[in-house]
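Trainee: I have a model open and some labels to go with it. Can we go through what stands behind each label?

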Amino acid sequence: MSLDTPQAGTRRERLTAHEALQRLEHERSSRLLQLHAMGEVAPDGQEQAMAAQKDTIKRVLTEVEAAFSRVQDGSYGVCRNCSEAIPVERLEILPHTPLCVPCQRNAG
């Protein structure tokens with residue numbers, strides 16, 4: 001067997017609910033820390049950029065909360081558009097994502 005040949009059973013199809021909740025909690029904590037830090041530091045002349053960053057963080061926090069709901073109702077890890085499983089690798093990077101990569105590309 002060569003090193004570049006994947007071993008059977010090494011690729012997981014889904015995160016467990018516990019793993020998903022841990023990743024989502026970490027994401028939420030990180031974003032809340034960012035938001036808190038931004039509230040304490042407001043460099044002169046950068047209010048507009050800071051406001052845009054805060055809006056982005058708040059949007060992600062909303063997506064994280066929605067992902068918590070998907071874990072609870074059993075739809076976490078399933079693409080909202082095509083109903084295909086979202087690859088574990090994508091969920092490890094973006095635990096709050098509701099879309100697979102092809103659907104995300106099509107969404108714009």
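Mentor: We take the labels one at a time and set each value against its definition.

Mentor: This is a predicted model, where local features need pLDDT of at least 70, side-chain atom pairs count only at pLDDT 80 or more, and totals for chains, interfaces and linings use all residues. Residues are numbered from 1 along each chain as its sequence is written, and side-chain values use heavy atoms, with hydrogens and water left out.

Trainee: What makes up the secondary structure of the protein?

Mentor: There are 4 helices and 0 strands. Helices (H or I, at least four residues) and strands (E, at least two) are DSSP runs, numbered from the N terminus. Along the sequence the pattern reads α-α-α-α.

Trainee: Why is serine 30 called partly exposed?

Mentor: Buried means under 20% relative accessible area, exposed means over 50%, and partly exposed lies in between (1.4 Å probe, protein chains only). Serine 30 has 29% relative accessibility, so it counts as partly exposed. Serine 30 lies in helix H1, residues 17-40. Its C-alpha is 9.8 Å from that of leucine 61, 31 residues apart along the chain.

Trainee: Which label does threonine 56 get, and why?

Mentor: Its relative accessible area is 37%, so threonine 56 is partly exposed. Threonine 56 sits in helix H2. Between the C-alpha atoms of threonine 56 and leucine 35 the separation is 10.0 Å, with their positions 21 residues apart along the chain.

Trainee: Why is isoleucine 93 called exposed?

Mentor: Isoleucine 93 has a relative accessible area of 67%, so the label is exposed. This residue belongs to helix H3, residues 88-93. Isoleucine 93 and glutamate 27 are 66 residues apart in sequence, yet 10.0 Å apart C-alpha to C-alpha.

Trainee: Is serine 83 buried or exposed, and where does it lie?

Mentor: Serine 83 is exposed, because its relative accessible area is 55%. It lies in the loop between H2 and H3. Its phi is near 65°, a positive value in a residue other than glycine.

Trainee: How many disulfides does the structure hold?

Mentor: The structure holds 0 disulfides. A disulfide is a pair of cysteine sulfur atoms within 2.5 Å. The sulfur of cysteine 79 is 3.6 Å from its closest cysteine sulfur, in cysteine 103, so that is too far for a bond. Seen from the other side, cysteine 103 is in no disulfide, with the sulfur of cysteine 79 being 3.6 Å away.

Trainee: Why are cysteine 79 and cysteine 103 called buried?

Mentor: Cysteine 79 has a relative accessible area of 2%, so it is buried. Cysteine 103 is at 12%, so it counts as buried too. Across the protein, buried residues make up 27% of the 108 residues.

Trainee: What makes the largest pocket a pocket?

Mentor: On a 1 Å grid over the protein atoms alone, a pocket is an open set of points with protein on both sides within 12 Å along at least five of seven lines, for a 1.4 Å probe; lining residues have an atom within 4 Å of a point. About 180 Å³ of space lies in the largest pocket, a volume being the space filled by probe spheres set on the points, which are joined across faces, edges and corners. Its lining includes Thr62, Arg80, His96 and Gln104. Helix H2, residues 47-73, gives the most to this lining, with 4 residues.
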